[in-house]
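User: I'd like to learn how to read the features of a protein model, one at a time. Could you take me through this one?

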Amino acid sequence: MALKDVKPTRSELINLKKRIKLSERGYNILKMKRDGLILEFFKVLEEAKKSKSELNDNYEKALKTIAVANTVEGAIRVKAAAMAVQENPQIALKQKNIMGVVVPEIESSAVRKDIIQRGYGVLGSSAVIDETAEAFEELVDSIIRAAEIETTMKRLLDEIESTKRRVNALEFKVIPELSEARDFIKMRLDEMERDELVRLKKIRAKAQAK
């Protein structure tokens with residue numbers, strides 16, 4: 001706010017004081033929101049670390065079990081067992097709210113299956129193939145969970161950055177400029193009041209001299 005554009009009037013002073021109070025209130029609210037979002041982010045970060053570790057473990061386990069299955073049962077039989085599955089995993093994307101930030105909530109179904117649901121039946125089953133199927137089902141579960149957590153982290157981080165920018169703008173630009181304009185008007189009004197007193201004294205002195 002350029003001081004040359006500021007009108008040194010009492011109505012403008014009152015208006016500026018209101019804007020400063022409103023800005024300070026908004027600043028405090030945004031600071032609390034920023035701090036709350038940071039706390040939530042670190043909670044989700046801990047979940048993300050566990051999720052990533054679990055995903056890596058399940059990936060390694062799936063690779064090992066399918067390597068064993070290919071060796072013991074043969075690649076063709078393993079592929080046939082995989083192709084027998086009729087029901088694919090279903091994903092439902094919902095939303096939840098974390099301190100005003102909309103984040104995804106992924107619900108999955110038909111990921112974990114029993115032997116009948118896998119389609120290859122009891123006779124076409126073996127312990128090795130069952131273990132492989134179970135390992136890959138766990139891997140899919142881990143991927144879905146990791147996707148939800150990582151998307152939540154990204155949205156929280158974006159909101160934190162946006163809130164920080166707004167807090168900084170209020171703290172270092174908006175409030176100081178409004179305060180400077182307020183002080184300028186107060187100074188000008190004081191000067192005008194002193195000038196008016198001097199003028200009145202001169203008028204009174206002239207009147208008394210007559």
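User: Where does Met-99 lie?

Analyst: Happy to help! Met-99 sits in the loop between β1 and β2, the latter being residues 101–109. Please keep in mind throughout that this is a predicted model.

User: What is the phi value of Met-99 near?

Analyst: Phi of Met-99 is near 50 degrees, which is a positive value in a residue other than glycine. As for its surroundings, Met-99 counts as partly exposed, because its relative accessibility is 37% and the partly exposed class runs between 20% and 50%.

User: Let's move on to salt bridges. How many does a search of the whole structure find?

Analyst: The general idea is a distance test: a side-chain nitrogen of Lys or Arg has to come within 4 Å of a carboxyl oxygen of Asp or Glu. Here, the search of the whole structure finds 16 salt bridges. One of them pairs Arg-10 with Glu-193, whose closest N and O atoms are 4.0 Å apart. That pair links distant parts of the chain, with Arg-10 in helix α1 (residues 10–72) and Glu-193 in helix α4, 183 residues apart.

User: Are Arg-10 and Glu-193 buried or exposed?

Analyst: Arg-10 is exposed, at a relative accessible area of 53%. Glu-193 is partly exposed, at 42%.

User: Which side chain meets Lys-96 in a salt bridge?

Analyst: That would be Glu-148, with an N to O distance of 4.0 Å. Lys-96 belongs to strand β1 (residues 90–98) and Glu-148 to helix α4, so this salt bridge ties together parts that are 52 residues apart in sequence. For the burial of the two partners, Lys-96 counts as partly exposed at 33% relative accessibility, while Glu-148 is buried with a relative accessible area of 8%.

User: What about a pair inside a helix: how many residues apart are Asp-158 and Lys-154?

Analyst: Both residues lie in helix α4, four residues apart, which is about one turn of the helix. Their side chains meet in a salt bridge at 3.2 Å, N to O. Asp-158 is partly exposed, with a relative accessible area of 41%, and Lys-154 counts as exposed at 54% relative accessibility. Salt bridges can also share partners, and here they join Glu-47, Lys-96, Arg-145 and Glu-148 into one network.

User: Helix α4 keeps coming up. Which residues does the UniProt "coiled-coil region" cover?

Analyst: According to the UniProt record, an unreviewed entry, the "coiled-coil region" annotation covers residues 146–195. To compare an annotation with a model, we can look at the secondary structure of the span. In this model, residues 146–195 are 100% helix and 0% strand, and the end C-alpha atoms of the span lie 72 Å apart.

User: How should I read separation in sequence against separation in space? How far apart are Thr-163 and Leu-30?

Analyst: It helps to put the two separations side by side. Thr-163 and Leu-30 are 133 residues apart in sequence, and their C-alpha atoms are 6.6 Å apart in space. Thr-163 is placed in helix α4 and is buried, with a relative accessible area of 0%. For another pair, take Glu-107 and Lys-17: they are 90 residues apart along the chain, and 50 Å separates their C-alpha atoms. Glu-107 is found in strand β2 and counts as partly exposed at 37% relative accessibility.

User: Now the pockets. How many residues line the largest pocket?

Analyst: A pocket is read through its volume and its lining. The largest pocket holds about 390 Å³ of space. Its lining has 18 residues, and Ala-82, Val-85, Ala-133, Phe-136 and Glu-137 lie nearest the centre. The elements that give two or more residues to this lining are α2 (75–83) and α4. Helix α4 gives the most, with six residues.

User: One last feature: which residues make the nonpolar surface patch of about 250 Å²?

Analyst: That patch is made by Leu-197, Leu-200 and Ile-203. Ile-203 lies in helix α4, which spans residues 127–209. A residue needs over 30% relative accessible area to be part of a patch. Ile-203 has 42% relative accessibility and counts as partly exposed.

Conventions: Residues numbered from 1 in each chain as written. Predicted model: local features only at pLDDT ≥ 70, side-chain atom pairs only at ≥ 80, totals over all residues. Heavy atoms only, no water. Patch = residues over 30% accessible without salt bridge, like charges linked within 9 Å, V, L, I, M, F, W, Y side chains within 5 Å. Areas by Shrake-Rupley, 256 points an atom, 1.4 Å probe, with all protein chains shown as cover. Buried < 20%, exposed > 50% of the residue type's maximum accessible area, 1.4 Å probe, protein only. UniProt positions renumbered as here; feature names shortened; annotations may be inferred. 1 Å grid on protein atoms, 1.4 Å probe; cavity = no way out; pocket = protein on both sides within 12 Å on 5 of 7 lines; lining within 4 Å. Points joined across faces, edges and corners; volume = space filled by probe spheres on them.
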